[in-house]
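Biologist: I am new to this one. Please show it to me, and then let us go through it piece by piece.

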Amino acid sequence: MSSSMNYLDGNAAAGELSRIFAMDITSAEGQCANCGAKKRFAEAHLYMQCPGLVARCALCGHVLLRFTNVRGRVFLDLRGMTYLSVDTAPQEASN
Amino acid sequence: MAGTAVLGTVTWRSASVVGLHDETPTATTLALAVRDWPGHVAGQHIDVRLTAADGYSAVRSYSIASAPSADGRIEITIERLPNGEVSPYLTQQVMNGDELEVRGPIGGWFVWRPEQTGPIQLVAGGSGIVPLMAMIRSRATVGSTAPFRLLYSVREPGAIFYRDELRSLSERRDSLIVTYAYTRVTPKDWPRPAGRIDAELIGSGTWPSNLQPSSYVCGPTSFVEHTTDLLIAAGHDRERIKTERFGASGERK
């Protein structure tokens, strides 16, 4: 299996990200700071073979998010996204 | 139970194993009674945390197989991976009454809601059937007549999950249409030789793209890539295809 097949969907980060976000971030729309693509975070390519999570743009591969949780401290780098747009209307069981 | 507030972080809840049965020689379904379960939507998953006596813990994600219900019970189906850290325990050692920790429901993207009335194309590779089965069961539970079609790729006939239930659901009126693809061994006298899903099978085994179905594709990463490319080549709109990849190993961290 090639390493390029070693990713999951942004979906798979939902559990870890729920530790720090009150809402479901995987169905939020984010814009890639590199190519400008606007996609749901669930559609990003997620790499988990590292000490933490790395999400990359599904179109250009740019790093959108880095997340580590080591020794009781979460480190979150979101500079790969120019924005993250979250629907705050009442949703059904979508945490 | 729908309509649950989503504010507040998702916390670990204790769950007891209240039922278990083998789905195939390598896969087991566990029924869990989860304390204060807020309800889920078909397609969501849970994280399961196991903690050893020495404090070492491991977390894995498993899709929920059961339809949403208000009784606080959910089912997950776990494929045993030979070198897995968690799945051998959950498929071979766990017993009725055992306690696990679960977090969820998780994910608001790869979901089917009963309000969706349009045609649905489901494409499963191996244990990728699990969240799609929750959608099929949810449709049956609420009496939805949304046109559902499932293309289900398995290694061999014995690897099919939920076989009898899929058969009986597909025999009902306004029912779902199921097409199987066998990658290694086919049933006797099967018209198509064993092999991966190809353009021809996409053509005969899925809704035509002019119906503009919403598609849900779930399985190992390479399977999802391959079949999504075929759907797009057959004229399906990429924006209407949702995917959930299990990774190369099949065991999500």
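Biologist: Over which residues at the start of chain B does pLDDT stay under 50?

Modeller: This is a predicted model, where local features need pLDDT of at least 70, side-chain atom pairs count only at pLDDT 80 or more, and totals for chains, interfaces and linings use all residues. Residues are numbered from 1 along each chain as its sequence is written, with chains lettered from A and ligands numbered from 1 in the order in which they are written. pLDDT is the predictor's confidence in each residue, from 0 to 100. It stays under 50 in a stretch of chain B that has 17 contacts beyond four places in sequence (contact: C-beta atoms, placed from the backbone, within 7 Å); the stretch is residues 1–8.

Biologist: Which other stretch of chain B has pLDDT below 50?

Modeller: The stretch in question has 17 contacts in the model beyond near neighbours in sequence. Its residues are 249–253.

Biologist: What is the mean pLDDT of chain B?

Modeller: In chain B, 93% of residues reach 70 or more. The mean is 91.

Biologist: What radius of gyration does chain B have?

Modeller: The radius is taken over C-alpha atoms, and the globule rule is 2.2 Å times the number of residues to the power 0.38. With 253 residues, a compact globule would come near 18 Å. Chain B agrees with that, at 18 Å.

Biologist: Which strands are at the edges of the open sheet in chain B?

Modeller: Strands are DSSP runs (E, at least two residues; helices are H or I, at least four), numbered from the N terminus. Two strands pair if DSSP finds at least two bridges between them. Five strands form this sheet, with parallel pairing, in the order β9-β8-β7-β10-β11. Those that pair on one side only are β9 (177–182) and β11 (241–245).

Biologist: Which residue of β9(B) stands opposite R149(B)?

Modeller: Strand β8 (residues 148–154) of chain B runs parallel to β9(B), and six bridges join them. Opposite R149(B) in β9(B) stands I177(B).

Biologist: How many residues of α2(B) are buried?

Modeller: Helix α2 of chain B covers residues 129–142, which makes 14 residues. Buried takes 20 or more other C-beta atoms within 10 Å of a residue's own, exposed 12 or fewer, and partly exposed lies in between, with C-beta atoms placed from the backbone. Among the buried ones are I129(B), L132(B) and R139(B). The helix is mostly covered, and its buried residues number eleven.

Biologist: Which residue just after α2(B) takes a positive phi?

Modeller: The phi there is about 75°. The residue is G143(B).

Key
Two residues are in contact if their C-beta atoms, placed from the backbone, lie within 7 Å. The expected span of a helix is 1.5 Å times one less than its number of residues.
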